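Work through the exercises below with the sequence and the structure at hand. Each task is followed by a solution in steps.

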Amino acid sequence: MASHRRPKQPGRTRVTVLTATAAAAVALSAQAAHADPQASKQDVKSKVDKLYEEAEQATEKYNGAKEKQDKLDKQVGDLQDKVARGQEELNKLRNSLGSMATAQYRTGSIDPALQLLLSSDPDSYLERASTLDQLTTKQAETLRQIAGKQRTLKQERQEAADKLADLESTRKALGDKKKEIQGKLSVAQELLNTLTAKEKAEVTGEDKAQEGKGGDRADRSGGSRTDPGDQGKPVPESQRAGGALGAAQGKIGSPYVWGATGPSSFDCSGLTSWAYAQAGVTLPRMSQDQANAGTRIYDQGSLKPGDLVIFYGDLHHVGLYAGNGQVLHAPKPGANVRYEAMGNMPFQFGVRVG
């Protein structure tokens, strides 16, 4: 017989727990629905800033690999030209050796003493014998040259092969870094796309970029010296430093593009190297190498306009000191060349280019 018992009703305690759980779930849903937009924006900003910093670190490594690739390309080309010239010289030596051997064969190889006895003109024979001795000496010298050239060619071919292997490895590293940079920038862009245009500008700092276009943010004189009473504006240490700063000031508003060296877009070290090039000074490509391009200055109060300023512990960011506690730099992806307060980044030291 089937059972027709009524299902057991939940106790009061169980009902209370279920009710409380449901209420909590509703409250959490409501909280999520009305989450603090400022907190969300800050979370996006933190993640984007971290991704941009990592992308810039990878960019400087990419720049180093690109510089190495360019040098290797030239070295490989020079070595290959050298090997080709050496092979041509070797071929000529071999041809000359063959000509001498043919000439001697045609003269015969009769014993000199017997030839002298049979000769009707001893003087003519002696002259010819002397020529044969000279040919033999020249032939021996040619053989020595061939042996030496073969050894040299072998070394040059091995050096070229090593450089080619190094070049291939460098190209792979370039490709890996490029993928890493593009991946980080893609993720950062996806995060930024969750924000409004205004929030995006706040996160990237572009909303503050306009503030740097005022005349009192930094000296825009391009390095010209000012009178002591000219509101105390700082003066560049050298004409070259002033020229570099002036060149960079002319690029305010140009976009940051990783790996770019101007003249229409830049990354951080691309801007500084381009600016100094306009002043007749060649700087290394990477920020870490630019950190060793002159005298280091650890006291911010001793900096002069046009000095390089290096940021972060691994020295992956560089700009130009613009005076009044400001740096002129290519900040990061999504931002343009602009002035910014030095305190916005961890300053390591300045570099006065010699």
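**Exercise 1.** Which elements of the chain have the lowest and the highest mean pLDDT?

Solution. The model is predicted, and pLDDT is the predictor's confidence in each residue, from 0 to 100. Step one: list the elements, which are nine helices and six strands. Step two: pick out the extremes. Helix α1 (residues 12–33) has the lowest mean, 43, and strand β2 (residues 308–311) has the highest, 97. Step three: set these beside the chain as a whole, where the mean pLDDT is 77 and 69% of residues reach 70 or more.

**Exercise 2.** Over residues 12–35, how many contacts beyond four places in sequence does the model have?

Solution. Step one: note that pLDDT stays under 50 over this stretch. Step two: count the contacts beyond four places in sequence; the model has one. Step three: turn to residues 113–118, where the pLDDT is also below 50 and the model has five contacts beyond near neighbours in sequence.

**Exercise 3.** Is His329 buried or exposed?

Solution. Step one: locate His329, which lies in strand β4 (residues 326–329). Step two: apply the cut-off. Buried means under 20% relative accessible area, so His329, at 1%, counts as buried. Step three: for the whole chain, buried residues make up 35% of the 354 residues.

**Exercise 4.** With which side chain does the side chain of His329 make a polar contact?

Solution. Step one: list the residues in contact with His329, leaving aside neighbours within four places in sequence; among them are Leu271, His317, Asn336, Arg338 and Met345. Step two: look for the polar contact. The partner is the side chain of His317, at 2.8 Å.

Terms used:
Residues numbered from 1 in each chain as written. Predicted model: local features only at pLDDT ≥ 70, side-chain atom pairs only at ≥ 80, totals over all residues. Heavy atoms only, no water. Helix = DSSP H or I, 4+ residues; strand = E, 2+ residues; numbered from the N terminus. Buried < 20%, exposed > 50% of the residue type's maximum accessible area, 1.4 Å probe, protein only. Polar contact = N/O pair within 3.5 Å; in protein donor to acceptor, adjacent residues only side chain to side chain. Contact = heavy atoms within 4.5 Å.
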